[in-house]
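Trainee: I have a model open and would love to talk through how its helices pack. Could we take it step by step?

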Amino acid sequence: MADIEQLVAMLAEDAAKVKPAPHPFVLSLKWMGAATIYLALSLGVSGLRPDLAHALHNPWFIAEIVALGLIFLATSFSAALLAFPDLHQKRALAFSPLWMFALFALLMLLAWHADDPPAPLPAHSFQCTISIMLFSVLPAAWTLYAMRKYASTHYHLAGSIAVLSAFCVGALWLRLHELNDSIVHVLEWHYLPMLGIGLLGLWLGKILLKW
């Protein structure tokens, strides 16, 4: 018996200490803080749209920016919850981005109807989608890398939410940088591509987060 107790004590001393996983709220705050700094620095380099003061008098533009910010908050927290196998017993919050995207779609539909007469279309088109995607690569990469440290059992959805959260950061950057008031253009080349990005995230989640 003494030998067994001595063996248990020796094994206990040799066991490596396991650092507790951070709370999803803390984890999401870290991701959002990094993304906010990234966004601010990028706008400092690229510059704000020259008519931003005028654009801020447009209630639809303000509502769009606020809604994008809320989606970013919801997807960041959801991604942190989805990184854990039990969703931290907060299943409703983990799936809250679905409601946020639905409300955002309704908002943009109302903004489209309110855009009468329609603002002129810009000369470019798909370049906006490419710009947002390139801008989103870095926040998507660090979020997915951080999520790999945990044990997600919803890896498809986790990957999709993570890349959509990063895409929101890119969309915010472009709306605050680009001189453009065409809701038709914004819907077609800024936000509809989110559907494809979400599908891409499902695949990335299976590749990068499955364990």
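Trainee: Are H2 and H4 oblique or roughly parallel to each other?

Mentor: Happy to help; keep in mind that this is a predicted model. The axes of H2 (residues 24-46) and H4 (residues 59-82) come within 8 Å and cross at roughly 135°. Angles over 145 degrees would count as roughly antiparallel and 65 to 115 as roughly perpendicular. The crossing falls in neither range, so the two helices are oblique.

Trainee: By class, which residues make up the contact of H2 with H4?

Mentor: On the H2 side, the residues include Phe25, Leu27, Trp31 and Met32, and they meet H4 residues including Phe72, Leu73, Phe77 and Leu81. Ser28 in H2 and Ser76 in H4 are also among the residues that meet. By class, the contact has no charged residues, two polar and 12 nonpolar.

Trainee: Where do the buried residues of H9 lie on the helix?

Mentor: The buried residues of H9 (residues 183-191) are Ile183, His185, Val186, His190 and Tyr191. They pack against H4, H6, H7, H8 and H10. Seen down the axis of H9, they fall within an arc of 150°, so they line one face of the helix.

Trainee: Back in H2, is serine 42 buried or exposed?

Mentor: Serine 42 has its place in helix H2. Leaving out residues up to four places away in sequence, serine 42 touches Gly47, Phe135 and Trp173. The relative accessible area of serine 42 is 16%, and the cut-off for burial is under 20%. Serine 42 is therefore buried.

Definitions and conventions: Residues are numbered from 1 along each chain as its sequence is written. This is a predicted model: local features need pLDDT of at least 70, side-chain atom pairs count only at pLDDT 80 or more; totals for chains, interfaces and linings use all residues. Side-chain values use heavy atoms; hydrogens and water are left out. Axes are lines fitted to C-alpha atoms, for helices over the stretch in contact, and angles run from 0 to 180 degrees between N-to-C directions. Helices (H or I, at least four residues) and strands (E, at least two) are DSSP runs, numbered from the N terminus. Angles under 35 degrees count as roughly parallel, over 145 as roughly antiparallel, 65 to 115 as roughly perpendicular and the rest as oblique. Contact means heavy atoms within 4.5 Å. Ala, Val, Leu, Ile, Met, Phe, Trp, Tyr, Cys and Pro count as nonpolar, Asp, Glu, Lys and Arg as charged, and the others, Gly among them, as polar. Buried means under 20% relative accessible area, exposed over 50%, partly exposed in between (1.4 Å probe, protein chains only). The arc is that of the directions from the helix axis to the C-beta atoms.
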